[in-house]
Amino acid sequence: MKKLHIVGLLFCVWGTYLPVYAQHAVEQDTIARRIRAYSVDKPMWLEKSVEPRYSLIQMGYSQVSGEYRTAQDAQKIKNINFNSEGAVTIKDIRLWGRFAYNRSTEDSTRFAHQTRENPASPWYFGSYGYNHYERTNYFIQTRGQKYFADRKYSVFGGLDYHVGNHFSNNDPRSTIDAIQVNGSLGASARISSGWELGVEGKYGYGQERVEIAYRNEQYALSAVESPYMNYIVRGYGWKVSDWLSERNMFYQNDMKRYGAKGYLSWDGDLGKFYGNIGYLKEVQHYRQTLRNDSRINELSKFNLDQLSYQLMWNLKRGNKTYLAAFNSLNYSGKDWVTESGNAQNYVYRKERQTLDLSYLIKKNKWQQFYEANIGYTRKVRHDGGTETRLDYDRMDYALSTLLTYATARNQEVEFGVTAFAETNMGTSWTLPLINENVFHQYVFYQDIRYHEADVWGGKLRLGFTQRLKKGNFIKLIGTYTYRKADLGSALDRLNLAPLGRTREVGSVRLSYGF
């Protein structure tokens, strides 16, 4: 672990001090930024879609509040973040790097002693009393690509490094450490005029270490049910038991992942077409290393398969730019409970498809950006131990515009507005009343009502940019998002976590390009 931290620090220093210079379009041209982000995630197109030189530093603050939330989400979240990214070309090698720091506080969270980065997890701790969480995360990313043989072939790849520390400061106290390292290496070839084909291999590993303790030992020794009681949650509500029956209040999740991705692109008179298909398999291994007798207590194994498809088209004609993108992401997870003879209990499935259409027009003083989005989400969580099942389908829609006006003093003022809606297309659930436990009363029933709701809302954005010498700039952006839900009738079950109707998000971000 210490060696990995040293490696991460070296990448952090390299990414922060990239000797690069800004181009104003890096922050302003919305479609160009979208393509750049797409190419960072799919580095076969890094050299063609990421600017040869740019640097951007950002600091931001956001706050989330409101009671329309899942039961395991926080009532209020405050977040501070810092981001430094840039690209540089050394000879004929395009390099990109990013360092990000994020610190958030959650007040209050219940039944969620977990990192938040592994929402499909079939094994974690929880308490129905509210906890105050503090979470710190560091992210380091690097990408590179080099063409050779008269640009007929290329090699590309990247490395992602993530370290996180999470803890609650009231009983039951949880300490969670997380580390993730993911790497990729690929190659591409020009197969004919305008056509390029590529393949990429991926490998990664990580670990989450969780431990629960009490400052006030009276809470730990009392057998009376109370908000301070810590529970072990397995699957989606199976064998939810207090720690008095499970004395080993710690575990670690060792994770390995491997996969591949295929790429195909075409650049011609009708624009640029990008396509990729990827598969990633993640194996999570939950166990305890018993400190007293040096034994390993095997808990559970969880396999999570991810299949993704993406298509994108981009066309530029004069001062007009068009973009269309389709994304499909499918997850399928199953567990094997080692302590119960490798019995399979928990099934997790999620699929998400989105279609995004964007249009940008630039004039002397005005830049106008318009976007339409439509998405479909289906999710299934099935727990065999209690026959708990939640299956829902949802559609979401959004229309947005961003107008930017350039003044005569090298300044720009922007105004954006978004309207969105989410519609419940169907929800089904099962739970025999005889199997009901405290998890269902605080989590499961609220999840049902949350996903049954129809939602509408909007987002406002205001921004100001001051251009400086040599293409440098300073930019300030503020946003406010309001979401309101139309809730259905209450369930004929004992729901101990009533659901609210509104959720609000406010944020401010300061950027400096140089």
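Which residues form one aromatic cluster together with Y128 and Y231? The members are F111, Y128, Y231, Y236, W429, F439, Y442, F444 and Y445. The model is predicted. Its aromatic pairs come to 29. Two of its pockets are also described below, the largest at about 420 Å³ and the second largest at about 250 Å³.

**Aromatic pairs**

- Y128 and Y231 form a tilted pair, with 6.5 Å from centre to centre and 35° between the planes.
- Y128 sits in the loop between strand 4 (123-126) and strand 5 (131-148), and Y231 belongs to strand 9 (residues 231-234), so this pair ties together parts that are 103 residues apart in sequence.
- Both Y128 and Y231 are buried.
- Y251 and Y286 also pair: their ring centres are 5.9 Å apart and their planes meet at 45°, so this pair counts as tilted.
- The Y251 and Y286 pair links distant parts of the chain, with Y251 in strand 11 (residues 250-268) and Y286 in strand 12 (residues 271-290), 35 residues apart.
- Y251 has 5% relative accessibility, so it counts as buried, the limit being under 20%.
- Y286 is buried too, with a relative accessible area of 0%.

**Charges over rings**

- R36 lies over the face of Y54, at 4.7 Å from the ring centre.
- R135 lies over the face of Y133, at 4.3 Å from the ring centre.

**Largest pocket**

- The space in the largest pocket is about 420 Å³.
- Its lining has 21 residues, and A32, I35, K272, N314 and K316 lie nearest the centre.
- Helix 3 (30-41), helix 4 (46-49), strand 12 and strand 13 (295-317) are the elements that give two or more residues to this lining.
- By class, the lining of the largest pocket holds nine charged, eight nonpolar and four polar residues.

**Second largest pocket**

- The second largest pocket holds about 250 Å³ of space.
- It is lined by 14 residues, and those closest to its centre are K48, G194, E196, S265 and D267.
- Two or more lining residues come from each of strand 8 (195-213), strand 11 and strand 12.
- Six charged, six nonpolar and two polar residues make up the lining of the second largest pocket.

**Where the topics meet**

- Strand 12 gives two or more residues to the lining of the largest pocket, and strand 12 does so for the second largest pocket as well.
- Strand 12 also carries Y286 of the tilted pair.
- Strand 11, which holds Y251, gives two or more residues to the lining of the second largest pocket.

How values were computed:
Residues numbered from 1 in each chain as written. Predicted model: local features only at pLDDT ≥ 70, side-chain atom pairs only at ≥ 80, totals over all residues. Heavy atoms only, no water. Phe/Tyr/Trp six-rings, centres within 6.5 Å; stacked < 30°, edge-to-face > 60°. Helix = DSSP H or I, 4+ residues; strand = E, 2+ residues; numbered from the N terminus. Buried < 20%, exposed > 50% of the residue type's maximum accessible area, 1.4 Å probe, protein only. Lys NZ or Arg CZ within 6 Å of the ring centre and 35° of its normal. 1 Å grid on protein atoms, 1.4 Å probe; cavity = no way out; pocket = protein on both sides within 12 Å on 5 of 7 lines; lining within 4 Å. Points joined across faces, edges and corners; volume = space filled by probe spheres on them. Nonpolar A, V, L, I, M, F, W, Y, C, P; charged D, E, K, R; others polar.
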